[in-house]
Amino acid sequence: MSLKDKNKVKAIGVVSGGLDSMLAATLIKGQGVEVYLLNFIMPWQKQVSKSVINLAANLEAKLILYQLDDIYIELIKNPKYGYGSAFNPCIDCNMFMFKAARKYLKEIEADFVFTGEVLAQRPMSQMRDKLALISKECDLEGRLLRPLSALLLEPTIPENEGLIDRSQLMNISGRSRKEQIKLAQKLGITDYPQPAGGCLLTDKVFGERTKDLLSNKYNGFKDMISLQWGRHFRINENFKAILGRKESENNLLVENADPNDYIICIENDRGPTLILKGETPNEEIFKICGGLIKHFSKSKTLDSVRVQYFKASFPKELFYFNAISLGEDYIDSMNVCSS
Ligand code: SF4
């Protein structure tokens, strides 16, 4: 028998907006639980994802948004439990998120936390021992429910107390999404993101760029956003250049430039736009940027090319200079995991 009036059961779901978290939240809501959704906005994300907003609306759940900032960046730099196959510190990252959820659990007086984690889906953080370790370290032992794999795990307190009907939970494990897709059909969930849109830290190229950024001078967590686009060149520890590879990337780089960045392009040309990151660049740095733009433009073979630049915060104040070629080896030596 329930120790608590079932109408008053509250739970916090840590959700990414992916299919697994949608399923977990729908299963818990389906048991009459008042659901709060906690979503973490990654440092490189500009806004909350649409799928999270839709999920909250569909489930009539309150949405708590948590911006991961420089504190999270410190965690990425030096994770206690190391990295996965790329630059993804999944165990530390989960612990960070679930500790935050623990704080909300107290504030909201919720009964438990749940996630869309699936046993053995991720080798680093979702093996049985790691799931147990994470629950323990976050002071959520018995209060962290994984509805998609619950039947393969020890019953949690809300199951033992009858707040949640264990028989309606799932026994999914492993990397295949077959069972999840079947469950989605059963629950009437048709609109969900593909797995490719997951965490960028699991992407090797993005991971290398993150590593480079964090080992040099940077301007806070918002610098991570531009790691997603373009070609990246490390000029020295204080300066970095990013060039768009197509018009859409040029536009995104400009839209997301820091007010202190410089924006450089060929005068009257639709070639690459370069974003220079770093404080008070001198003539030599601009010369290198000019050479990079020339190299990746249609004017590569010309003797020199006229280049214009401005500071992002003063777009009306234009400066010009003639850019000359840089050696291929020099360009290669600055390349940070660019294609
Ligand atoms: S995949 Fe990314 S968001 Fe997910 S636990 Fe790993 S580092 Fe964190």
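A residue is counted as near the ligand if its C-beta atom, placed from the backbone, lies within 6 Å of it. All views show a predicted model.

**View 1. Residues around the ligand.** The ligand is surrounded by Asn88, Pro89, Cys90, Cys93, Asn94, Ser125, Cys199, Leu201 and Thr202. By class, this shell comprises 5 nonpolar and 4 polar residues, with no charged residue. Among the nonpolar members are Pro89, Cys90 and Leu201, while Asn88, Ser125 and Thr202 are among the polar ones.

**View 2. The two domains and their contact.** The domain assignment divides the chain into domain 1, residues 6–197, and domain 2, residues 203–334. Taken over C-alpha atoms, the centres of domain 1 and domain 2 are 39 Å apart. Where the domains touch, 10 residues of domain 1 are in contact with 12 residues of domain 2. The side of domain 1 that touches domain 2 consists of 6 nonpolar and 4 charged residues, with no polar residue.

**View 3. The open sheet.** An open sheet is formed by 6 strands, arranged in the order β6-β7-β9-β8-β10-β11 with antiparallel pairing. Strands β6 (231–236) and β11 (319–324) are the edge strands, each pairing on one side only. With direction ignored, neighbouring strands of this sheet are turned against each other by 25 degrees on average.

**View 4. Pairing of β6 with β7.** Edge strand β6 pairs with strand β7 (residues 239–243) in the antiparallel sense, over 5 bridges. Within this part of the sheet, Arg234 stands opposite Lys240 in β7. Both Arg234 and Lys240 belong to residue types counted as charged.

Technical notes
Residues are numbered from 1 along each chain as its sequence is written. This is a predicted model: local features need pLDDT of at least 70, side-chain atom pairs count only at pLDDT 80 or more; totals for chains, interfaces and linings use all residues. Domain bounds come from an automatic or database domain assignment. Two residues are in contact if their C-beta atoms, placed from the backbone, lie within 7 Å. Two strands pair if DSSP finds at least two bridges between them. Helices (H or I, at least four residues) and strands (E, at least two) are DSSP runs, numbered from the N terminus. Axes are lines fitted to C-alpha atoms, for helices over the stretch in contact, and angles run from 0 to 180 degrees between N-to-C directions.
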